[in-house]
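Student: Could we go through a structure together and ask what lies behind the words used for it?

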Amino acid sequence: MSAPETTNDAPVVTEDTRRLNMIEAINEALAIMLERDPDVIILGEDVGYFGGVFRATAGLQEKFGKTRVFDTPISECGIIGVAVGMGAYGLRPVPEIQFADYIYPGLDQLVSEAARLRYRSAGEFIAPMTVRSPFGGGIFGGQTHSQSPEALFTHVSGIKTVIPSTPHDAKGLLISAIEDNDPVIFFEPKRIYNGPFTGFYDKPVEPWKKHRDSQVPEGYYKIPLGKARTVREGEALTVLVYGTMVHVAEAVCEARGVDAEIIDLRTLVPLDIEAIETSVKKTGRCLIIHEATRTSGFGAELSALVTERCFYHLEAPVDRVTGFDTPYPHSLEWAYFPGPVRIGEAIDKIMSE
Amino acid sequence: MADRPANGTAQGSNKPALSLHVPEPKYRPGDEVDFSHIAITKPGAQPRPDEACEASETAPLTLDLIRVLGDDNQAHGPWDPKLDADTLRQMLHHFAMVRAFDARMYRGQRQGKTSFYMKCTGEEATSISAAMALASDDMVFPSYRQQGILIARGYPLVEMINQIYSNRGDKLKGRQLPIMYSSRENSFFSISGNLATQTPQAVGWAMASAIKGDTRIAATWVGEGSTAEGDFHSACTFAAVYNAPVIINVVNNQWAISSFSGFAGAERTTFAARALGYGIAGLRVDGNDPLAVYAAERWAANRARSNSGPTLIEHFTYRAEGHSTSDDPGAYRSAHEGEEWPLGDPVNRLKKHLIELGEWDEDRHAAMDIACAEEVKAATKEAEKNGILGHGLHHPFHTMFEDVFETLPWHLEEQAAQAIHEREVKWPEGKKP
């Protein structure tokens with residue numbers, strides 16, 4: 001299949017772009033892949049008749065039939081396990097785990113099986129599956145509807161981890177993930193399904209329809225895995241970020257008038273190390289932001305890489321703004337969430353060094 | 001004191017203290033063995049329901065034991081698969097071959113040619129007879145003790161030994177622990193060390209075959225100990241929900257390393273009986289009776305292939321040897337268990353049956369054993385040309401980094417360069433490790 005691939009930049013508005021929210025963009029990517037490839041199968045809890053608890057699979061069973069899009073028993077181990085078997089047969093399953101917080105019962109199948117299958121069989125069997133799962137906080141989801149477990153997967157050899165931050169990227173990255181012959185964890189930041197949350201929780205949320213990155217081309221297009229996107233070019237410092245925090249970082253930098261270069265990583269493994277190195281060597285400062293807990297989070301890996309590869313260009317220590325090392329709380333959500341105050345103070349500190 | 005509901009009886013104060021039941025096997029090292037408590041049913045006495053029957057109709061068969069071969073060495077009853085003598089001799093040859101292979105590989109491990117091995121002694125029928133009842137392109141998802149399937153499907157012995165030696169001829173490039181075979185060509189799924197993970201995968205493969213309107217079915221094997229894993233429950237649930245064309249073989253060999261089957265629930269019910277709770281057909285079969293195993297597997301295969309649904313088969317057998325080369329069964333069970341096992345030895349039973357039929361004799365059997373040993377020996381020598389573990393004839397360093405992903409990302413390329421650099425430091429001037 002010849003794939004038009006977009007550049008790293010925001011989409012150009014043309015005649016065939018429409019404004020979609022992230023759910024609509026994901027739904028469209030799934031519909032396109034179901035149409036293009038008869039081996040694509042969607043399965044998960046409530047994804048069939050009902051169309052998913054977030055509506056991501058709405059209308060797909062009606063259009064493509066019950067053997068292409070179907071509901072499953074409530075068993076993450078079963079969902080991932082049968083998807084591995086389907087992949088071994090030659091299908092291209094796209095299982096959904098209803099919340100990333102509930103992926104753990106399927107972890108053995110992901111870590112021990114899907115991730116290792118190509119390696120252990122020397123390529124005889126592969127697991128070309130894309131596990132979609134809503135993740136992240138900021139929605140009063142409490143402990144089990146807010147987690148960001150990406151570091152559990154970036155630590156596993158053989159799995160790719162992808163996290164979009166805009167409708168445009170969500171569609172193009174999901175199509176790439178489904179076509180990829182390796183297992184992909186596709187985490188969808190549910191806080192920004194309907195609009196780009198800026199972290200200023202006391203202000204109304206702007207819907208995607210008013211945002212520049214909601215311009216989504218019709219039809220098939222891909223955004224390559226392993227390529228970061230420069231959200232904003234700048235000279236003062238490099239901000240490495242992904243998911244919901246892309247928009248928070250952008251809003252905070254704008255509010256403080258900081259000339260930051262904001263890089264949306266989009267894929268954590270494989271990582272776009274070139275984009276990171278180029279930017280940090282230019283700015284000399286690096287701030288890493290993620291929602292996930294701090295200790296052994298993906299920020300630690302980013303910090304180590306930047307320190308190892310850009311040390312002589314750094315004018316300040318690499319810093320991390322993250323969730324605290326606690327389970328995700330309910331009532332104290334905004335005290336936990338790495339919002340404008342925490343990010344602003346980190347920027348002040350890094351710029352004063 | 002805690003409040004307790006009044007229910008007309010004592011509120012707790014006069015009741016005995018609760019006690020935890022921790023299962024204990026009947027016999028430990030040094031004990032005399034008496035297996036008379038095991039109900040050995042009469043061969044031929046078990047009814048054979050229609051293959052398209054309701055799962056519930058198999059209920060009596062989940063508590064019984066389907067048997068065909070009697071003490072008279074003749075086949076009895078409706079489960080007699082009525083195999084011709086050539087097929088029976090073929091089966092016996094596979095048995096002899098896997099036994100010769102196990103003997104030599106076990107010795108190879110003791111001689112330091114490899115790190116690890118696992119025999120399947122006593123359980124040959126549960127893999128070979130079952131595999132012979134399937135089509136050669138039905139996909140099997142084995143555990144680690146079904147080397148008999150590869151033998152039955154004609155996988156070259158040299159390839160098996162290359163894998164066990166992790167040498168430069170190993171198709172899995174020395175990445176896998178010995179005996180974790182994989183052969184897509186033989187519809188034999190890659191073996192994983194993680195127990196029971198293959199069971200939902202087999203169900204998924206079967207679902208895929210059904211989605212595509214294929215005619216192939218899937219079969220999986222799992223030990224009775226591993227049925228305690230959550231994956232087994234998921235597999236049975238999904239198999240039932242989607243009426244998947246799959247056979248779930250539970251090899252109940254009484255032991256999971258040092259734990260007897262009671263730790264997987266065998267004190268309360270049979271493993272076959274679990275099928276009924278899921279709405280799956282269940283059969284319990286004498287796993288040391290090659291004809292019964294063949295017949296049960298064929299019944300389940302026909303059922304699956306005709307869209308009548310999945311089957312769970314419990315193969316009631318005995319693990320005659322240690323769990324692996326790293327195990328000493330003398331430390332936890334009576335040495336007499338194997339010899340006292342009331343269902344005998346599958347190889348011996350088939351041999352006697354063929355002799356009873358006038359299709360075999362002791363001389364031919366002895367000659368076959370010698371020929372199998374010679375064939376394994378020759379294959380071993382051939383494989384040793386590719387090296388044995390730790391003697392340098394392995395795959396190139398760069399292969400360690402391949403197949404993690406379809407293509408190597410930058411970080412793996414960097415690490416591959418590091419590994420190759422280290423080799424040059426350790427062995428300068430082109431000396432090979």
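Tutor: Gladly; what follows is a set of questions on a predicted model, each answered by setting a value against its cut-off.

Student: Let's begin between the chains. What makes the contact of A:Asp39 and B:Lys212 a salt bridge?

Tutor: The cut-off is a side-chain nitrogen of Lys or Arg within 4 Å of a carboxyl oxygen of Asp or Glu. For A:Asp39 and B:Lys212 the N to O distance is 2.7 Å, so the pair qualifies under that limit.

Student: Where do A:Asp39 and B:Lys212 lie?

Tutor: A:Asp39 is in the loop between α1 (22–36) and β2 (40–44) of chain A, while B:Lys212 is in the loop between α6 (198–211) and β2 (218–223) of chain B, so the pair joins two chains.

Student: Why is A:Asp39 called partly exposed?

Tutor: Buried means under 20% relative accessible area and exposed means over 50%. A:Asp39 has 23%, and B:Lys212 has 35%, so each of these values falls in between and counts as partly exposed.

Student: Helices next. How do you know that α3(A) and α6(B) are oblique to each other?

Tutor: Helix α3 (residues 76–89) of chain A and α6(B) cross at roughly 55°, and their axes come within 6 Å. Roughly parallel needs an angle under 35 degrees, and roughly perpendicular takes 65 to 115. The crossing angle fits neither, so α3(A) and α6(B) are oblique. The crossing itself is right-handed.

Student: And why are α2(B) and α11(B) called roughly antiparallel?

Tutor: Helix α2 (residues 85–110) and helix α11 (residues 346–356) of chain B pack at an angle of about 150°. Angles over 145 degrees count as roughly antiparallel, so the name applies. Their axes are 10 Å apart, and this crossing is left-handed.

Student: Back to charged pairs. What makes B:Lys173 and B:Asp403 a salt bridge?

Tutor: Their closest N and O atoms are 3.9 Å apart, so the pair is within the 4 Å limit. The two residues come from distant parts of the chain, 230 residues apart. B:Lys173 is in the loop between α5 (157–165) and α6 of chain B, and B:Asp403 is in the loop between α12 (362–384) and α13 (410–426).

Student: Is B:Asp403 buried or exposed?

Tutor: Buried: its relative accessible area is 15%, and the cut-off for buried is under 20%. Its partner B:Lys173, at 27%, is partly exposed.

Student: Which salt bridge does A:Arg266 form with A:Asp169, and what is the distance?

Tutor: Their side chains meet at 3.1 Å, N to O. A:Arg266 sits in the loop between β11 (260–264) and β12 (267–269) of chain A, and A:Asp169 in helix α7 (residues 167–179), 97 residues apart. A:Arg266 and A:Asp169 are buried. Both belong to a network of salt bridges whose members include A:Arg212, A:Asp213 and A:Glu250. Over all chains, the structure holds 48 salt bridges.

Student: Finally, why does B:Phe263 count as partly exposed?

Tutor: Its relative accessibility is 47%, and exposed would need over 50%. B:Phe263 lies in the loop between β5 (259–260) and α8 (274–278) of chain B. With B:Leu20 and B:Val22 it makes a nonpolar surface patch of about 360 Å². Patch residues need over 30% relative accessible area, so B:Phe263 passes that step.

Notes:
Residues are numbered from 1 along each chain as its sequence is written. Chains are lettered from A and ligands numbered from 1 in the order in which they are written. This is a predicted model: local features need pLDDT of at least 70, side-chain atom pairs count only at pLDDT 80 or more; totals for chains, interfaces and linings use all residues. Side-chain values use heavy atoms; hydrogens and water are left out. Patches are made of residues with over 30% relative accessible area and no salt bridge: like charges are joined within 9 Å, nonpolar side chains (Val, Leu, Ile, Met, Phe, Trp, Tyr) within 5 Å. Accessible areas come from the Shrake-Rupley method with a 1.4 Å probe; for residues, only the protein chains shown count as cover. Helices (H or I, at least four residues) and strands (E, at least two) are DSSP runs, numbered from the N terminus. Buried means under 20% relative accessible area, exposed over 50%, partly exposed in between (1.4 Å probe, protein chains only). Axes are lines fitted to C-alpha atoms, for helices over the stretch in contact, and angles run from 0 to 180 degrees between N-to-C directions. A crossing is left-handed if the near helix is turned anticlockwise from the far one by less than a right angle, and right-handed if clockwise.
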